[in-house]
Each structure stands twice: as structure tokens, then as C-alpha cells.
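Let's read a protein model together, one feature at a time. Have the sequence and the coordinates ready.

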Amino acid sequence: MKYVLIIGDGMADNPVPALEHKTPLQAANIPVMDALAAKGEMGSVINCPGNLPAGSDTAILSIFGADPKVCYTGRSPLEAAATGIQLNPGDVSYRCNMVAYEDSDLPFEEKKILSHSGGSIEGDQSIQLVTDLFQNPRFQAAAQKAGMVVHPAASFRHIAVQAQANITGISLIPPHDHLGEVIGPLLPSGNDNAAVLKDLMKLAHEVLDHHPINEKRRAEGKLPANGVWFWAEGSAVALDSFWDKYHKTGCVISAVPLCFGIARLSGLDVREVEGATGELETNYEGKVAAALEELKTHDFVAVHVEAPDECTHNGDLPGKLQAIDWLDSRVVGPLTRALEADGVDYRLLILSDHKTLTATRGHDGDPVPYLIYDSRKDSGLGLPYSEESGLKGTLYPEGAPVLMNKLFEL
């Protein structure tokens, strides 16, 4: 028996007026997932505990069977683990996003944030910008005084580490939940260290705003990556062994450091795929090929697709629909057909980690629909895969560790 988990990040949603009050899942063309749902089990699950942020960090911890109420210290330590960054006692890590602020003569605090990803900046440009920023004499001196270093990544998602940092009472707000808003009320607050981070963000904007890369991006009609945004603070984290809990070997395939970090901390293998970007245009076929290859030597494989979430944050409803269509036709379809052609018995879990709402372009912790399909059985359920169908089945109020137990029939 082989076991497959497919996470369509942020694909669950609420009804959208522009879609005749259907959700994107209901409006998308997903014949493969609908057929699997018709023969499988549908239900709903809350992956994000109510007292913690609604996001992929808490949700994916829950999905993989770790209770975020017990183990969650913040998102960035999970991402730091993906690249082997070691946090010493007293260290705090932050996500250091490349972001886009509006071009205007307004004071920094009065500007609006337009993109949490620096206009979906390319990896090489992002690395060059953050490297040049931390080597700029003015910023370098301020960062050294703050005890901060940066670990560049080939996307907008860098990791900053601050030695002996105080985050007690601090408020650092996820940028993707406040696109189009004035940043003043969103900037770091709550303690003295927040003022340090805020000053670094203001100085970073001064340094980056007219960087040659950003001037070139403007000339090409792109948003500039003219700032950094610190959030997702946390200290070192430890997770229980996946093998000890489930006695299954596994591999995680994604383009997102968060997923790799959770995998490594759980003792799972990771597989990077060339051309996997976390955006709408990504290497879907490469992820499927990697999943099939890893299933030859592992009991379990997880495939994570970020595109529905990123499209929603970008206000791109057609892109979200396309991402869901492609998840069906370019991931679920070919993967299940290949397993069936090989005569392999398998169980498949498909779900969104959390809702990402078209209405707000932000995350939501409400229930998301899950689908479990067993190649050996036909439940006769007859329902399509959607939020509405999920609510007709069992509702699990908090995910950990329900879903892995269900997938593995424990």
C-alpha cells in the first residue's frame, strides 16, 4: 500500500460573487478530483487552532500530525530548519520578505504595501537585492547594532536571525493579509525591539527604492521590491519523529521552505524539483515524476502546490481557477493514472491547508474540505470535491493528528 498527500495551498475559499456565488473549487474544472470524491470520503477539518495564526505554518503542522498548540514557536524557525540554519539559545528568526511599497512622495508610514512578494520577484534578483542591502554601509551598521544577519533564499522568502532578541509582547503582522493597506498601523510594535525592526524596515526602503534592479523592474512594468518586511518571529523548535508516530517512511515535495523545514524536523526526506517556483507557472510535471520515483522507496509522499494561495494573495482570481484546474489535470490526474497503471494499491488525501479568501486576499482558519480516496474501495458517496460537500461529512474541529491517522488507517 502506498500513501499520497496532496496539498493545494489556499485553494479553499468562500463563495465569490464574480463566480455566481460559487467557490473557486466549485467553479474550477476538476473532473479527476470530483471522480475521486464520488468514490471516496469527504469531510471538513480545521487545521489552524483558533488561538494561533491562520496560515500554512500552523495548518501544515496539523496536517502532518504535530499539534501546533504544543510545538509552534513561529513560522520562520520551521523555514530556517529547511536550510539547516541553527538557532542558538536566545536567537530569534524572522521571515524577511521582499515587499513592494507604492511609489509616492508620502512618508514611509503613510505608504501602502502592494505586494508581499516584491511583485513576485525572481530568485536571482531577490538574492542580489537582499545581499546588497545587508552590505550597504548604513544598513550594515544598523543591522550589526541590532545583532541581525540574513540568510538569502532564491525567492522573496529570506530568513533573518537576530541574536539575543526580545520578542515578548511584540506584534509582527503578516504582510500578505494586508495588501493595499497603509503600513503605519501594520509596522512592528509592542516592545523596544519592535522599534529596532521598524527602523531597519524604514532604512531598507531608503536603500532599496532606487536600486538599479528596481529601476529596471519599473521600466519593465513590474513592481519594485523596494523594501523588506519582518514577521513570523520564533525561537528554535523540535518536532516528534514521523516514523515513531506512524511507522511510515516519507518524502515531501514542494517549492516552499516551510514544508521542507517541517519535513526535516519530523525526520522525513525532502525532494526539490528543478523549475518548481511556488507560483502559477511551476514544474507540475516534475513534481509528479518526483513523487512517483520517491514512492518506489518510501511508503508515503506529500506533494505541496503553492499556486492557489499566491494567486489569491495577488488578487488574481483567474489565476486561482487556473491553479486549481492544473492541480487536477497536471498533478492529481497523472499521478493517479500512473499508480493505477502500475497496479499499486494506494490511499490518497487531498485538501487545502487553510482557506485563502478572494474577498480579502488573506488567510482564514475556517474548516476546509478533505478528500480521502482508497483505490480498493468505492464508497458510493457521489459528491463532488468542494467546501459544501465537505460540510456534509464529519467535521474535525482541530486537525492534529486526525488526518494522518485516517490516511494510514490507524
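The dialogue below goes from one residue to a strand pair and then to the pockets.

Q: Before we start, what should I know about this model and its numbering?
A: This is a predicted model, where local features need pLDDT of at least 70, side-chain atom pairs count only at pLDDT 80 or more, and totals for chains, interfaces and linings use all residues. Residues are numbered from 1 along each chain as its sequence is written, and side-chain values use heavy atoms, with hydrogens and water left out.

Q: Is Arg 95 buried or exposed?
A: Buried means under 20% relative accessible area, exposed over 50%, and partly exposed in between (1.4 Å probe, protein chains only). Arg 95 has 2% relative accessibility, so it counts as buried.

Q: Which strand holds Arg 95?
A: Strands (E, at least two residues) and helices (H or I, at least four) are DSSP runs, numbered from the N terminus. Arg 95 is in strand β3, residues 92–101.

Q: Which side chain shares a polar contact with Arg 95?
A: A polar contact is a pair of N or O atoms within 3.5 Å; within protein, one must be able to donate a hydrogen and the other to accept it, and residues adjacent in sequence count only if both atoms are side-chain atoms. Here the side chain of Arg 95 meets that of Glu 79 at 2.5 Å.

Q: In what sense do β3 and β7 pair?
A: Two strands pair if DSSP finds at least two bridges between them. β3 and β7 run antiparallel, with six bridges, and Cys 96 stands opposite Phe 230 in β7. Strand β7 (residues 227–234) is largely enclosed by the rest of the structure, because eight of its eight residues are buried.

Q: What volume does the largest pocket have?
A: On a 1 Å grid over the protein atoms alone, a pocket is an open set of points where a 1.4 Å probe fits, with protein on both sides within 12 Å along at least five of seven lines; lining residues have an atom within 4 Å of a point. Grid points are joined across faces, edges and corners, and the volume is the space filled by probe spheres set on them. The largest pocket comes to about 620 Å³ and is lined by 30 residues. Helix α11 gives the largest share of that lining, three residues.

Q: What about the second largest pocket?
A: Its volume is about 300 Å³. Of its 18 lining residues, those closest to the centre include Asp 57 and Ala 232. Strand β7 gives the most to this lining, with three residues.
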